[in-house]
Amino acid sequence: MLLLLVTGSVVAGVRWRSDVDRERTTVFRTTASAIASSVATTLRRQTDLTTVERALIAINPNVTNKEFGRWFDHLDAAERYPGGLGFGFVQLVPAADLGAFAALVKSDPANALDINGAYQVFPPGARPSYCLLRLIVWTGPPNQLPPTMDYCAPTVPGFGMSPTANTFAAARDSGNLALAYPVALYPGEIFAFLPVYKSGTTPATVAERRADLIGWVAGTFDGKAIIEAARQGHPEMRVEVLGVIAGAQVSLAADGPATSAHAPSLTVPVDKGGTWSVRVTGSPISEGLSATGQGVVIGALGIVIALLVFGVIEVLLRSRDRAYRLVREQTDELRYRALHDDLTGLPNRALIMDRLDHLLSRSRRKGIPAAVLFIDLDGFKDVNDSYGHAVGDALLRAVAGRLTASLRESDTAGRIGGDEFVVLAEGTSLDEGAAKVGARVLDVLREPFRLAELPDVALDVRASVGVAVVGDGTADDVLRNADIALYEAKAAGKARYMVYSG
């Protein structure tokens, strides 16, 4: 009997260790997935804005800096795309056209492109062509690079080899997004470029792309700020944005403590082509004994108790069951918090994307109609500025309550950040068409909000809604289509819905 008791205690210790390891792995993957998904989604949306910018330039290559800035403001881009530092257009200028280009730039200044005196290309020198900044909207710290810099120059004083020349060539020849090496002057900033062709589409061959090129649209993002926002509440996690440049993977931005080579890690791609990705490293549970240590303690305790008092075994088993239950309860709470928004209690980005994947599967398997609505509150920043963040938070909770109360049981409402919400609708919710769902959301939010934090004021809130009907794409594709429809609703004057038309 004593041998059985000792053996049982050892088995209990081994099982305890296994359970702790499994629970820690589950919690890590859930938390890391939410953090990585948040960073990846923010970067995708920044890239989407750069893609929209490319379409604008292709349609109207003669757009002025004033018109470019007005377009940027009209989309509420500074508010809706946190982490974006600047967007612009770098034009390919043949040497013969340099004089006319210089005159054009000096007659059309921008906030980071105001040139005093003569236009002098940097670095100086005669070259067949130049890659020069033509349009820019800049919201970041003062730019330390000269506004007349030739981004395709092979060498740059102070840098040695140009940090961007190869990137511009790679984007031109591939027709796809290309990333630049991190620049020492701008630690943590990410530079991304997309080629723009005269035809408005990507030519079939490299030779045709080189002949058809007119320039590149550029996006600059504060990678460290984007990571810091996603890491809130998880200081022990390290997050990196990785990019493939010249065939090698490099770290574009990172934040968080150093981790060991054996620490758990999760990597999430940002784009389908594998140009860049987000890596999260480090366990979210680091306090107390290791899993092995806990297993040894449990096993040793069982052996001691077995040797001392046979009757104590029942107490030990009950204590162990309570400990298991406590671990499960704590793990369930961590898992819930990792998948739900702290402010509103709605599903967060990670859970919305998971439910959207299931929605796509049901829709295609059973032929059920489905749609995604991307909702953005118009002028929410004014509420925060006028009444304070406590009122702004109360308003977001009230909006979440209305959306939830107005949905059918089969539908889902979630908050993906800031004043942005997503609704997943399917089945009978779409009997009258996706447009009717967008109209219904506007009606639900049209009634003024009365908040306990602001008893004497009725807040009149409006929203813009982008609607995308589920088709053949992935969950990311459907959400991006809804976001593009939201662009169109904003550009058309806000307080309305638009249905993505492809």
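1. Let's start with one facing pair: Phe374 stands opposite Val422 in strand 14. The two strands concerned, strand 12 (residues 370-378) and strand 14 (residues 420-426), run antiparallel and share seven bridges. Here two strands count as paired if DSSP finds at least two bridges between them, and helices (H or I, at least four residues) and strands (E, at least two) are DSSP runs numbered from the N terminus. A further bridge partner in strand 14 is Glu426, which faces Ala370.

2. A word on the basis of all this. The model is predicted, so to speak with its own limits: local features need pLDDT of at least 70, side-chain atom pairs count only at pLDDT 80 or more, and totals for chains, interfaces and linings use all residues. Residues are numbered from 1 along each chain as its sequence is written, and side-chain values use heavy atoms, with hydrogens and water left out.

3. Strand 14 also has strand 13 as an antiparallel partner, over five bridges. In this pairing Ala413 stands opposite Val423. The two strands make a hairpin with two residues between them, and Gly418 in the turn has a positive phi of about 55 degrees.

4. How much of strand 14 is buried? Seven of its seven residues are (buried means under 20% relative accessible area, exposed over 50%, partly exposed in between, with a 1.4 Å probe and protein chains only). Glu420, Val422, Leu424 and Glu426 lie on one side, Phe421, Val423 and Ala425 on the other, and both faces are covered. This fits the general pattern, in which side chains of a regular strand alternate between the two faces of the sheet.

5. Stepping back, the sheet is open and mixed, with five strands in the order 13-14-12-17-18. Strand 13 (412-417) and strand 18 (497-499) are its edges, each pairing on one side only. Neighbouring strands are turned by 20 degrees against each other on average, direction ignored. Helix 12 (residues 389-406) lies across strand 12, strand 13 and strand 14, at about 5 degrees to strand 14. Such angles run from 0 to 180 degrees between N-to-C directions, with axes fitted to C-alpha atoms, for helices over the stretch in contact.

6. Another open sheet has four strands in the order 9-8-11-10, with antiparallel pairing. Strand 9 (248-255) and strand 10 (265-269) each have a single partner strand, so one side of each is left without a neighbour in the sheet. The average turn between neighbouring strands here is 25 degrees, direction ignored. Helix 7 (residues 223-231) packs on this sheet, touching strand 8 and strand 9, and makes about 60 degrees with the direction of strand 9.

7. Within that sheet, strand 8 (residues 238-245) and strand 11 (residues 276-281) run antiparallel and are joined by six bridges. Leu242 stands opposite Ser277 in strand 11.

8. Now for a helix pair: the axes of helix 10 (residues 349-366) and helix 14 (residues 475-491) come within 9 Å and cross at roughly 105 degrees. The helices are therefore roughly perpendicular (65 to 115 degrees; under 35 is roughly parallel, over 145 roughly antiparallel, the rest oblique). Met353, Leu356, Asp357 and Leu360 of helix 10 meet Ala475, Asp476, Val478 and Leu479 of helix 14 (contact means heavy atoms within 4.5 Å).

9. Finally, which residues touch the most other members of the largest nonpolar core? They are Leu43, Leu49 and Trp276, in a core of 46 residues (buried Ala, Val, Leu, Ile, Met, Phe, Trp, Tyr and Cys joined through side-chain atoms within 4.5 Å). Helix 1 (residues 2-59) gives the most to this core, with nine residues.
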